[in-house]
Amino acid sequence: MVSKKDAWFEADMDELSKLVRELESGKVSLDESIKLYEKGVSLFKKCKKSLNEAEKKINKLTDKLEEEPFE
């Protein structure tokens, strides 16, 4: 099951990919390129924050596993 947070992350990543493709196409004006870049930076920061949170959760789980003895 996909959570709302996961769905937002996926949507943001898709949007970021679209922005990159638009910028790489060279078919947008300088002003539009700057707007797209600003939006991309914002999306990147949001996605990076989500990934950092996920990494922290994984590290906590891994640390717990290492603390518990296997029998």
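Accessible areas here come from the Shrake-Rupley method with a 1.4 Å probe. With that in hand, the accessible surface of the protein chain comes to about 6500 Å², and 58% of this area belongs to carbon and sulfur atoms. Please keep in mind that you are looking at a predicted model.

## Overall form

Let us begin with the chain as a whole. The protein chain holds 2 helices and 0 strands. Its radius of gyration is 18 Å, well over the 11 Å that the globule rule gives for 71 residues, so the chain is more spread out than a compact globule. Taken along the principal axes, the box filled by the C-alpha atoms is roughly 65 × 20 × 15 Å. Of the 71 residues, 13% count as buried.

## Charges along the chain

Next come the charged side chains. The protein chain carries 15 positive and 17 negative side chains, and the centres of these two sets lie 6 Å apart.

Some of the negative charge gathers on the surface, where D63, E66, E67 and E68 form a patch. Within this patch, E68 sits in the segment after helix 2, which spans residues 30–67. E68 is partly exposed, because its relative accessible area of 49% falls between the 20% limit for buried and the 50% limit for exposed.

## Two bridges between the helices

Side chains of opposite charge can pair when their charged atoms come close. A search of the whole structure finds 2 salt bridges.

In one of them, the side chains of K46 and D12 meet, with 3.1 Å from N to O. This pair links distant parts of the chain: K46 belongs to helix 2 and D12 to helix 1 (residues 4–25), 34 residues apart.

The other salt bridge joins K39 and E15, whose closest N and O atoms are 3.1 Å apart. Here too, distant parts of the chain are linked, with K39 in helix 2, E15 in helix 1, and their positions 24 residues apart.

How accessible are the partners? The table gives the relative accessible area of each residue.

| Residue | Relative accessible area | Class |
|---|---|---|
| K46 | 43% | partly exposed |
| D12 | 9% | buried |
| K39 | 43% | partly exposed |
| E15 | 26% | partly exposed |

D12 counts as buried because its 9% is under the 20% cut-off. E15, at 26%, is partly exposed, since buried means under 20%. On the lysine side, K46 is partly exposed at 43%, and K39 is partly exposed at 43%.

Conventions: Residues are numbered from 1 along each chain as its sequence is written. This is a predicted model: local features need pLDDT of at least 70, side-chain atom pairs count only at pLDDT 80 or more; totals for chains, interfaces and linings use all residues. Side-chain values use heavy atoms; hydrogens and water are left out. Helices (H or I, at least four residues) and strands (E, at least two) are DSSP runs, numbered from the N terminus. The radius of gyration is taken over C-alpha atoms; the globule rule is 2.2 Å times the number of residues to the power 0.38. Buried means under 20% relative accessible area, exposed over 50%, partly exposed in between (1.4 Å probe, protein chains only). Lys and Arg count as positive and Asp and Glu as negative; His and the chain ends are not counted. The place of a charge is taken as NZ of Lys, CZ of Arg, CG of Asp or CD of Glu. Patches are made of residues with over 30% relative accessible area and no salt bridge: like charges are joined within 9 Å, nonpolar side chains (Val, Leu, Ile, Met, Phe, Trp, Tyr) within 5 Å. A salt bridge is a side-chain nitrogen of Lys or Arg within 4 Å of a carboxyl oxygen of Asp or Glu.
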